[in-house]
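The following note sets out, point by point, how I read this model. Please have the coordinates open while going through it.

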Amino acid sequence: MLRLLRLLLLLLLLPPPGSPEPPGPPGLARLSAGALPQAPDLLYADGLRAYSAGVWAPAVALFREALRSQEALGRMRQDCGASCAAEPGAALPAVLLGSPGPESGPGQAPGSWELLLLRAALRRAECLTQCSARRLGPGGAARLRVGSALRDAFRRREPYNYLQRAYYQLKKLDLAAAAAHTFFVANPTHLQMREDMAKYRRMSRVRPQSFRDLETPPHWAAYDAGLELLGRQEAGLALPRLEEALQESLAQMESCRAGCEGPEEQQGKEVEEEGTGNQGGLYEAIAGHWIRVLQCRQRCGEDVATRPGRSSPVPDFLPSQLRWLHEAHAQVGNLSQAMENVLSVLLFYPEDEAAKKALNQYQTQLEEPRPGLGPREDIQRFILRSLGEKRQLYYAMEHLGTSFKDPDPWTPAAFIPEALREKLREDQEKRPWDHEPPQPKPLTHWKDVLLLEGVTLTQDARQLNGSERAVLDGLLTPAECGMMLQLAMDAAEAGARSGYRGRRSPHTPHERFEGLTVLKAAQLARAGTVGSQGAKLLLEVSERVRTLTEAYFSPERPLHLSFTHLVCRSAIDGEQEQRMDLSHPVHADNCVLDPDTGECWREPPAYTYRDYSGVLYLNDDFQGGNLFFTEPNALTVTAQVRPRCGRLVAFSSGGENPHGVWAVTRGRRCALALWHTWAPEHRDQEWAEAKELLQEPEETEEEKEEEMPSRDPAPEPPNHRLQRVQDKAEKPPRVREEL
């Protein structure tokens, strides 16, 4: 009965048929001015019932009101927490603000700290209760308590999935597209939504501006806009957006921290993981709850630094923003503000050489000393508060047996108890890139590298209809392509192929597959079977690709070569008629792709440690063999790339980039396949062995003179060199029609 009454009330609040939607995001627009929030879980449940019954307008109203109430509840908790913390009677006594441990001072009665602590806690609780009652009505926050399952659903933006379908049924296509896009941003692997998005884009009545994220956190919008302006060398215009991004990041941190102080049941999800369950008594219960709150607060930095739909945060998010700010201020001549921001960077990393160098440069340019100039006050407050919480968590870890995974690489070693440092040091050795202060890069670092290498960016991720993809041209000259092709041919003719020994491809019976690793190439060069220059070029080119891939995709985190393979695929004559298969089926490089669900499981037998992939082409004189990207369903092609000498296709190795190779129907397609990893323990050890082999003393002068006539000192692409190969070998060349 109550649900029926609530449904009828919301129907009365709906605008009349045909009236325009209220401005702003449909999920956050108020249905009635000044209406008190209702229980989000009940609203959401009623919305699902209305949706299942096909009552579309009430379903929209219920989902929108659930979103509004959830947002109002979070805003109330943040506002009330801030105002009550400023109440004099609710502040913690100064004697309790030090580090944990015995603090009975002279003249202090035993147990007096208990009275001070509990009195402050009671006053804070009274203030919060009264504040929530004023903001939320009778019952306050207790009436609107939200369980973890609903919070997870809202975090995944599930209401927008239902909203887009309900809006579609109501013929409100622009709102349907906006809701679909909002859900898809947070769920980029959702196959059905991907198909729905494609349908909306084909509809003539849907405007392009409808595809907008209604839940974009303001700090990400400002951050992206600021970096885009910096990339266009417009530092003056970028500065307000970068400053806005930093302020909004700190504000989002406060909102997240306020959510950590919700009812204890909201933290129960992490109890087993963190080892902070209730141990029985009053003080154990208080300590356990407080530790969970602190752990949650510490995770807020990662939450704010993680884009919607991504699983990992942007490394060093706040320090990197300060670096952008000080460099941008310096570009426009604001040296005082540049110093303020670079000093703030040094609060995180006191030994950062680039920051210290920039500071010295700014001080020299200012000429006059500025005694009152120091780090930003907001950053000082952030760091001091965070370190105070870390100190308590490490104390609990040492003395109470709790666990704490510090998310910040900048935490000073002095804050870690000596007894815990050895264990944490072992963890650091496993993942050193999370704990080394990243070296700042120039604003156009990857462009500088491309210019230095003589490489051009032909297509970026947007032009390739995906994420973390790029096509780069000019990595090899025609002569270098010829030398690499000669290396592959000489190794194949010597019968020293690694992997498949030139037999039929493991992916198709209609092609032959030949592979050569860097170590095998070095061994063959030492034996005189192949030219040493070709083997050395293979090593050099693989490092060249690694450098460019790191500069373009991962400038703040070092990439290591994981595996390099020189691969040739040759069409088998007489077996290409009415061929329907692929040269290489659609797959992802670090996860097991499930086309039916659109999921990609990062688990064995996949090479889960691979992070970025690259294919460097050596020739184009063959038919077929284009690389293509697909949707997660492995059917819908989103982009394809035609091979050519010196062209590199680089992309992230995960499920966001499923790819395959069209059948090679004539000729021989050769390319260098490379995989890179962030994990140094998975770097290619054979690469180092090959380098050592090739650096050892080579043959005597007599041996070199004897070998010279059988080597082309300046190889050219095979189609220009075919006759010369035939002459020197005194036999017909290997069949490579139109190669």
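1. I begin with a single register between two strands. Leu616 has Leu672 as its bridge partner in β15. The model is a predicted one, and this pair is a convenient entry to the sheet around β8. β8 and β15 (residues 668-677) are joined by six bridges and run antiparallel. Further along the same pairing, Tyr612 is placed opposite His676 of β15.

2. The other neighbour of β8 deserves equal attention. Strand β12 (residues 648-652) is connected to β8 by five bridges, again in antiparallel fashion. Here Tyr612 has Ser652 as its bridge partner. Tyr612 is thus matched with Ser652 in β12 and with His676 in β15.

3. Is strand β8 enclosed or open to its surroundings? All of its residues, six of six in the segment 612-617, are buried, so the strand is largely enclosed by the rest of the structure. The cut-off behind this statement is a relative accessible area under 20%. The burial concerns both faces: Tyr612, Gly614 and Leu616 are buried on one side, and Ser613, Val615 and Tyr617 are buried on the other. This division follows a general rule, namely that side chains in a regular strand alternate between the two faces of the sheet.

4. The sheet as a whole should be described in full. It is open and consists of seven strands in the order β1-β2-β12-β8-β15-β4-β3, with antiparallel pairing. Its edges are β1 (456-459) and β3 (511-517), each of which pairs on one side only. On average, neighbouring strands are turned by 25° against each other, direction ignored.

5. One helix should be discussed together with this sheet. Helix α22 (residues 532-553) lies across β1, β2 (469-473), β3, β4 (560-571), β8, β12 and β15. Relative to β15, helix α22 runs at about 55°.

6. A second sheet also merits a paragraph. Four strands, in the order β5-β13-β10-β11, make up an open sheet with antiparallel pairing. The edge positions belong to β5 (584-587) and β11 (637-641), each pairing on one side only. From one strand to the next, the twist averages 20°. At the β5 end, two bridges connect β5 with strand β13 (residues 659-661), and the two run antiparallel. In that pairing, His587 has His659 of β13 as its bridge partner.

7. On the surface, a nonpolar patch calls for comment. Leu118, Leu282, Tyr283 and Ile286 together make a patch of about 360 Å². Helix α13 (residues 282-304) gives the most to it, with three residues. Leu118, by contrast, is located in helix α4 (residues 112-136). With a relative accessible area of 35%, Leu118 is partly exposed.

8. Finally, some totals give the context for these local points. The protein has 25 helices and 15 strands. Of its 739 residues, 45% count as buried. Among contacts with a separation of 6 or more, 74% are between residues 24 or more positions apart. The accessible surface comes to about 36800 Å², and carbon and sulfur atoms account for 54% of it.

Key: Residues numbered from 1 in each chain as written. Predicted model: local features only at pLDDT ≥ 70, side-chain atom pairs only at ≥ 80, totals over all residues. Heavy atoms only, no water. Buried < 20%, exposed > 50% of the residue type's maximum accessible area, 1.4 Å probe, protein only. Pairing = 2+ DSSP bridges. Contact = heavy atoms within 4.5 Å. Areas by Shrake-Rupley, 256 points an atom, 1.4 Å probe, with all protein chains shown as cover. Patch = residues over 30% accessible without salt bridge, like charges linked within 9 Å, V, L, I, M, F, W, Y side chains within 5 Å. Salt bridge = Lys/Arg side-chain N within 4 Å of Asp/Glu carboxyl O. Axes fitted to C-alpha atoms, helices over the stretch in contact; angles between N-to-C directions.
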